[in-house]
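Colleague: I am new to this structure and would like a close look at a single part, the paired strands and the side chains that meet around them. Please take me through it slowly.

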Amino acid sequence: MNTNYLENNHLVLVGKVTSDKKFSHEIYGEKFYIFDLEVPRLSGNADIIPITISERLLEKEDLEIDKKIIVEGQFRSYNSYQNERNKLVLTVFAKDVKFIENQDEEIQASKDFVSNEVTLNGYICKKPIYRQTPFGREIADLLLAVNRAYNKSDYIPCIAWGRNARFAGGLEVGAHLQVSGRVQSREYTKKIGEEEVERRVAYEVSVSKIDLVEDEE
């Protein structure tokens, strides 16, 4: 079993701050904040990704709206108990942040990193759902359990396309995978009454590469 937790779950985002930071929680006297990061796509659209960051990473410089940064960290999940139901909440946990001060640094950053890249090593914990759109596009939904320190796990929704979807659709619960892709945000509507709908945002990994890991006996 892979117990290098940084390798199990590694992510790099390059984008700009689009919200003020808000207090999230405190652990052993260390305060954590959350803010939104806009990460551009090649299509010209953008994903708005929630980032959780320690006050320690903001000792030298504070976050400002429109400030461009590089975030290195992990894609994590936790359960939030709301309206008598558990809800899976996803966030990027920042391990390091670099502030981009000028255009030259931004150009160099775009060369050093893909603007949105995540690698996960984990186990399928729910039977994948394979489907086709009315136009014949193949899609598979996966839920990956990624081990974290102190016997914790992150449960990360992933979506695969095309031949990756066909491959994933045939996998069973417990299969050990390594996937690469990007974190994406996706708006959808949820019916909450007879005539009322609510706009929500889902976060997931859009998979570009998927490999089956052979565990040692």
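In which sense do β1 and strand β7 pair, and over how many bridges?

Modeller: Please keep in mind throughout that this is a predicted model. β1 and strand β7, the latter spanning residues 116–132, pair in the antiparallel sense, and five bridges hold this pairing. One position to look for is Leu11, which stands opposite Val118 in β7. Strand β1 itself covers residues 9–17 and is mostly covered, since seven of its nine residues are buried, where buried means under 20% relative accessible area. β1 is also joined to strand β3, residues 30–40, by two bridges, and these strands run antiparallel; here Val17 has Leu37 in β3 as its bridge partner.

From β3 the path leads on to β4, with nine bridges between these antiparallel strands, and one of the places to see this is Tyr33, whose bridge partner in β4 is Ile53. The two strands, β3 and β4, form a hairpin with five residues between them, and in the turn Gly44 has a positive phi of about 100°. Strand β4, residues 46–54, is mostly covered, with seven of its nine residues buried. On the way to strand β6, residues 85–100, the sense is parallel: two bridges join β4 to β6, and Ile51 stands opposite Val92 in β6.

With the strands in place, the side chains can be added, and the aromatic rings are a good place to begin. The structure holds two aromatic pairs. In one of them, Phe23 and Tyr33 meet edge-to-face, with 6.1 Å from centre to centre and 80° between the planes. Phe23 lies in strand β2 (residues 22–27) and Tyr33 in strand β3, so this pair ties together parts that are ten residues apart in sequence. The two partners can also be described by their accessibility: Phe23, at 48% relative accessibility, counts as partly exposed, whereas Tyr33, at 18%, counts as buried. The rings of Phe32 and Phe93 have their centres 5.9 Å apart and their planes at 35°, so that pair is tilted. Because Phe32 lies in strand β3 and Phe93 in strand β6, the pair ties together parts that are 61 residues apart in sequence. Phe32 counts as buried at 6% relative accessibility, and Phe93 counts as buried at 18%.

Two of these rings also have a charged group over them. The charged end of Lys21 sits over the ring of Tyr33, 5.3 Å from its centre, while the charged end of Arg76 sits over the ring of Phe93, at 4.1 Å from the ring centre. Tyr33 is therefore a residue worth finding on the screen, as a bridge partner of Ile53, as a member of the edge-to-face pair with Phe23, and as the ring beneath the charged end of Lys21.

Between β2 and β3 there is a loop, and Tyr28 has its place in it. Tyr28 has a positive phi of about 50° although it is not a glycine, and at 86% relative accessibility Tyr28 counts as exposed. Lys31 and Glu26 meet through their side chains in a salt bridge, at 3.9 Å from N to O. Lys31 is partly exposed, with a relative accessible area of 31%, and Glu26 is likewise partly exposed, with 44%. Another charged group involves Arg41, Asp47 and Arg182, which are linked in a network of salt bridges.

Lastly, consider the nonpolar side chains. In soluble globular proteins, nonpolar side chains tend to be buried together. Here the largest nonpolar core has 41 residues, and those with the most contacts inside it are Ile51, Ile69 and Leu120; β6 gives the most to this core, with five residues. Ile51 has already appeared as the residue opposite Val92. For Ile69, leaving aside its neighbours within four places in sequence, the residues in contact include Leu13, Val14 and Val17, together with Phe35 and Leu37, and also Val97 and Phe99. Val17 and Leu37 in that list can be recognised as the bridge partners between β1 and β3, and following them from Ile69 is a convenient way to return to the strand where this tour began.

Notes
Residues are numbered from 1 along each chain as its sequence is written. This is a predicted model: local features need pLDDT of at least 70, side-chain atom pairs count only at pLDDT 80 or more; totals for chains, interfaces and linings use all residues. Side-chain values use heavy atoms; hydrogens and water are left out. Buried means under 20% relative accessible area, exposed over 50%, partly exposed in between (1.4 Å probe, protein chains only). Helices (H or I, at least four residues) and strands (E, at least two) are DSSP runs, numbered from the N terminus. Two strands pair if DSSP finds at least two bridges between them. Rings of Phe, Tyr and Trp (its six-membered ring) pair if their centres lie within 6.5 Å; planes under 30 degrees apart count as stacked, over 60 as edge-to-face and the rest as tilted. A charge sits over a ring if NZ of Lys or CZ of Arg is within 6 Å of the ring centre and within 35 degrees of the ring normal. A nonpolar core is a set of buried Ala, Val, Leu, Ile, Met, Phe, Trp, Tyr and Cys residues joined through side-chain atoms within 4.5 Å. Contact means heavy atoms within 4.5 Å. A salt bridge is a side-chain nitrogen of Lys or Arg within 4 Å of a carboxyl oxygen of Asp or Glu.
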